[in-house]
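Please open the model in your viewer and keep the sequence panel beside it, since the tour moves from one selection to the next.

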Amino acid sequence: MGFIEFISKMFGNKASRDMREIQPWVQKIKEVYPSISSLSNDELRARTVALKERIKEATAEERKKIEELKASVEQTELEKREEIFNRIDKLEKEILDKNEVVLDEILPEAFAIVKDTARRFTENETVEVTATDFDRKLATMKDFVSIEGDKAIYRNHWSAGGNETIWNMIHYDVQLFGGVVLHKGKIAEMATGEGKTLVATLPVFLNALTGNGVHVVTVNDYLA
């Protein structure tokens, strides 16, 4: 028996360890999914708002201190301002650390929300919700959403990169698995047809809940 084979038998190879680490997350998503899929469209939106508020509440104290420190800068002597900025930097780091903890806590529900949103657009040509200011603004810029009275109507098809696209994808376990991998800051290598683009919707949604913004890099307009 070779040394590598011996070590693998003793400790397991990295792929196996990664599988054991990620699979419980997939199970948690699947457990919460039924409660999400039973919600109305407006209730589904409300859950997203609740997740955002949960993140804000977790870092409310730090954000309040930062605002107080920023307000005190103008009244502080120049030679003492560096200390204030250092304290702000420290608090911002604490916020990032707390956000990371909360995002892990809400990951199953957030991923379930994305999965069921995908299902609703796959099974329906239009999805109707109570119109918000965001919906009304979006309707002035995009042709896949329209406003009818107090309702916003989202269509499941739009033009992407000059091609007409119809949403017909629902996240399976392999995409849920890949989404957790990306959120954990690792690289997910997937074969053609395994839904790499669909995978990205999961960690993008989750991390966007912090309000800090998320960057997505793709190789062409169609994927974007």
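Begin by selecting residues 157–160 and 163–166, which are strands β4 and β5 of this predicted model; these two strands pair in the antiparallel sense over 4 bridges. Within this pair, show the side chain of Trp-158, which stands opposite Thr-165 in β5. Then look at the turn: β4 and β5 form a hairpin with 2 residues between them, and Gly-161, in that turn, has a positive phi of about 60°.

Next, select the three-stranded sheet, an open one in which the strands follow the order β1-β3-β2 with antiparallel pairing. Which strands stand at the edges? They are β1, at 126–130, and β2, at 145–148, and because each has a single partner strand, one side of each is left without a neighbour in the sheet. Viewed along the sheet, the twist from one strand to the next averages 25°.

Now keep β1 and strand β3 (residues 151–155) on display, and you will have the antiparallel pair that 5 bridges join. To follow one of these pairings by residue, pick Glu-128, whose bridge partner in β3 is Ile-153. As a reminder while you inspect the backbone, strands of a sheet pair through backbone hydrogen bonds, either parallel or antiparallel.

Add helix α3, residues 41–58, to the selection: this helix lies across β1 and β3 and runs at about 65° to β1. From there, extend the selection to helix α4, residues 60–72, which packs with α3 at an angle of about 60°, the two axes being 4 Å apart; α3 and α4 are therefore oblique to each other. Where they meet, display Lys-56, Glu-57 and Ala-58 from α3 together with Ala-60, Glu-62 and Arg-63 from α4. Sorted by class, this contact of α3 with α4 has 2 nonpolar, no polar and 4 charged residues.

Keep Arg-63 selected, for this residue also leads to the last stop, as one of the residues lying nearest the centre of the second largest pocket. Add the others in that group, Ile-95, Asn-99, Thr-210 and Asn-212, and note that the lining has 14 residues in total, around a pocket volume of about 270 Å³. Which elements give two or more residues to this lining? They are α3, α4 and α5 (78–123), and α5 gives the most, with 4 residues. Colour the lining by class to finish, and it divides into 5 nonpolar, 5 polar and 4 charged residues.

Definitions and conventions:
Residues numbered from 1 in each chain as written. Predicted model: local features only at pLDDT ≥ 70, side-chain atom pairs only at ≥ 80, totals over all residues. Heavy atoms only, no water. Pairing = 2+ DSSP bridges. Axes fitted to C-alpha atoms, helices over the stretch in contact; angles between N-to-C directions. Contact = heavy atoms within 4.5 Å. Parallel < 35°, antiparallel > 145°, perpendicular 65-115°, else oblique. Nonpolar A, V, L, I, M, F, W, Y, C, P; charged D, E, K, R; others polar. 1 Å grid on protein atoms, 1.4 Å probe; cavity = no way out; pocket = protein on both sides within 12 Å on 5 of 7 lines; lining within 4 Å. Points joined across faces, edges and corners; volume = space filled by probe spheres on them.
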